[in-house]
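Q: I am new to this structure and should like to learn how its features are read. Where should one begin?

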Amino acid sequence: MQVRSMHFKAAASQKLADRRLQDALRKTQGKFVAGRAQAILELENFDEIRDAARRIRDRVLEHLDLYLEQFERNATARGAVVHWAENAEEANRIICDIARVHGVKKAAKSKSMVSEECALNDALEAAGVQVVETDLGEYILQLANEPPSHIVAPVVHKSKDEISDLFERHHQRARKESVPDLCREAREVLRPHFLSADMGISGANFIVAETGSTLIVTNEGNGRLCTTMPRVHVAITGIEKVVPTLEDVTTLLRLLPRSATGQSITNYVSVTTGVRAPGEEDGPEHFHIVLVDNGRSRLLGTDFQAMLRCIRCGACMNHCPVYQTIGGHAYGWVYPGPMGSILTPSYVGIENALDLPNASTLCNQCGVVCPVKIPLPELQRKLREKQVERRLRPWTERLALRLWAYAAAQPEIYSLGARLAARMLRRMGGSERLIHRLPPGASGWTQGRDMPAPEGKTFHELYRQRSAGR
Amino acid sequence: MSAKQRIIEKIRAARGKQAEPSAPVRAAVERYLAQHPEGPRPRSDWDALARFRERATALSSTVDVIPSVEGVPAAVAGYLKAQQLSLEAVIWPAFKALDWSRGGVAVEARQARGDDLVGITGAFCAVAETGTLMLISGAFTPAAVSLLPETHIAVVPVSRIVKGMEEAWSLLRAECAAMPRAVNFVSGPSRTADIEQTINLGAHGPYRVHIILTASD
């Protein structure tokens with residue numbers, strides 16, 4: 001997917017002014033938050049399970065090479081073919097080759113964020129393969145030719161009316177107004193594709209080293225159809241998704257759906273291992289697994305390694321006041337919200353996503369809800385530090401900080417400056433004691449609110465005054 | 001050098017491990033996989049059958065308990081008639097020998113097609129903690145029968161209800177020589193909340209899941 005994160009500020013302003021988007025966000029806001037809050041009550045030892053989950057993910061990252069080799073050995077023993085791709089282009093080339101070798105005309109695709117990273121659909125279409133997204137949300141986006149705005153609920157930014165319009169236009173059937181009718185129509189339109197596709201493409205929420213299996217959690221059943229009906233199955237996923245054992249998967253599964261959608265378990269948890277066995281009437285004859293690096297190995301051994309624990313539940317964005325206000329598209333790449341503010345600069349270059357780690361109040365809602373305890377605000381702060389170290393901040397900001405650092409080291413100058421500023425701001429506040437507009441450079445702060453004016457005396461002055469009077 | 005070698009090398013370099021991992025490190029990883037220890041579990045002081053019924057119902061499955069497997073044709077017919085559903089079903093071969101003539105349901109033991117309306121399957125076991133069915137694929141347990149039809153009916157002996165997913169894996173390791181091609185945990189009818197986060201039952205899989213528990217095996 002093309003990176004547009006450098007345009008974050010402009011995009012965010014646009015999204016704030018988008019009435020339709022704001023309506024859609026308002027409608028759904030809180031549903032995920034309330035759902036998760038309710039679901040975690042089912043686990044009286046929720047925090048103990050989170051610690052265990054974190055240890056599982058850390059164990060994998062500590063020996064990622066060995067667990068990946070174990071996974072490959074066990075998957076290969078069952079007739080799957082494991083491919084390794086250093087970057088998106090390599091992943092696309094591998095999958096286009098698989099399609100060519102097996103004479104694939106049509107691929108039915110289940111939701112995969114790694115395939116979004118790679119822009120796999122474009123590559124396959126260019127190679128003459130028709131790709132049909134089958135997750136309802138992703139299918140709607142394919143019709144609308146838009147990227148997802150949420151990693152779990154990709155179409156959260158669209159209203160039902162917009163979807164009715166899209167279906168009417170593309171399906172050329174009578175307009176459907178209700179959610180059940182829209183879902184029924186999508187089922188009827190997509191069912192023939194599942195049955196006629198030569199290739200099914202899925203992601204993997206986890207891959208299991210012990211058994212060489214790939215695992216997906218889904219609700220709609222399209223993931224099961226994509227991995228059962230077509231004669232070729234391709235699973236594309238990141239190298240960090242490996243989990244040692246089925247028991248470890250079980251621990252993570254107690255957290256993933258609860259954190260994501262507030263479900264105690266998703267409708268389907270599908271574990272696929274190898275190819276169709278002799279005598280079996282369904283299942284793919286060919287199973288290819290593509291393990292994608294695409295920047296992940298670069299995070300190992302750095303301050304940002306903890307980010308690779310991520311199990312893609314989306315709780316961080318659901319709880320983020322910034323995401324709740326602007327939606328996912330403004331972030332400009334596959335992963336929005338707090339997790340995206342770490343992953344995007346890490347994968348596509350810190351200089352291409354300067355605003356993302358700064359688009360946060362460091363309120364730590366994301367850190368509190370993360371099921372594998374990734375310290376997201378801390379990582380955001382580290383990215384800010386890196387921007388300063390690499391001199392990527394604007395010269396005005398650097399100059400201002402340098403002036404401040406100089407003044408802060410000279411108590412006389414500092415207190416004089418503070419006194420002047422306090423007096424000036426008081427005057428600006430007038431009788432209302434509210435500043436409606438700050439001068440250029442700080443004017444953004446007062447764009448949507450007033451700034452309370454200070455009393456006119458600095459802390460130092462008041463302190464001295466009060467200790468003298470004692 | 002292959003992409004695999006380059007990725008593995010990058011991982012090792014990042015972790016400060018330039019060379020091959022040592023034999024003890026390898027052995028520790030292999031030992032962990034062989035032992036597959038359990039993680040912490042939520043409280044489970046409930047009765048498995050009661051818990052399964054309660055959770056399955058909460059996930060919009062319907063549950064019926066009958067004395068024995070001989071009663072399945074009548075129970076299936078009763079359910080389908082009450083719901084005003086088709087009386088034609090595709091079934092797993094294991095249920096072919098039952099006397100289907102009594103209930104008036106016409107069954108065919110074969111792979112499911114895209115337009116079948118009712119699919120009847122067994123299950124490898126059922127998980128009480130979440131109210132979930134565990135199905136495994138095989139020559140006599142085709143996966144599509146529980147997936148393509150609009151109504152899925154599953155027949156499970158009460159004795160096959162296990163506490164949690166951990167017990168399901170243990171049972172699988174004990175009874176299957178190798179991991180089946182597909183292991184599917186099914187928790188109610190397929191659903192989607194993609195449109196305005198409004199839950200809609202019936203997406204690409206079944207609209208209804210009806211579970212018939214048989215008290216004796």
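A: Let us begin with a term: a salt bridge is a side-chain nitrogen of Lys or Arg within 4 Å of a carboxyl oxygen of Asp or Glu. The model before you is predicted. Between chain A and chain B, the count is 16 salt bridges. One of these pairs joins R12(B) to E69(A), at 3.4 Å from N to O.

Q: How many residue pairs are in polar contact across the interface of chain A and chain B?

A: The rule finds 50 such pairs, with both residues at pLDDT 80 or more. On the side of chain A that touches chain B, helix α11 (residues 179-196) of chain A gives the largest share, 11 residues. That side of chain A comprises 41 nonpolar, 30 polar and 30 charged residues.

Q: How many residues of each chain are in contact, and what area is buried between chain A and chain B?

A: In contact are 101 residues of chain A and 75 residues of chain B. About 7600 Å² is buried between the two chains, and carbon and sulfur atoms give 54% of this area. R187(A), R224(A) and E247(A) supply 9% of what chain A buries against chain B, more than any other three residues.

Q: Which residues have the most contacts inside the largest nonpolar core?

A: In soluble globular proteins, nonpolar side chains tend to be buried together. Here the largest nonpolar core has 132 residues, and M307(A), M134(B) and W169(B) have the most contacts inside it. A second, separate core has 64 residues, including V179(A), V76(B), L98(B) and V209(B).

Key. Residues numbered from 1 in each chain as written. Chains lettered and ligands numbered in written order. Predicted model: local features only at pLDDT ≥ 70, side-chain atom pairs only at ≥ 80, totals over all residues. Heavy atoms only, no water. Core = buried A, V, L, I, M, F, W, Y, C linked by side-chain atoms within 4.5 Å. Buried < 20%, exposed > 50% of the residue type's maximum accessible area, 1.4 Å probe, protein only. Contact = heavy atoms within 4.5 Å. Buried area = accessible area lost by both parts, 1.4 Å probe. Polar contact = N/O pair within 3.5 Å; in protein donor to acceptor, adjacent residues only side chain to side chain. Helix = DSSP H or I, 4+ residues; strand = E, 2+ residues; numbered from the N terminus. Nonpolar A, V, L, I, M, F, W, Y, C, P; charged D, E, K, R; others polar.
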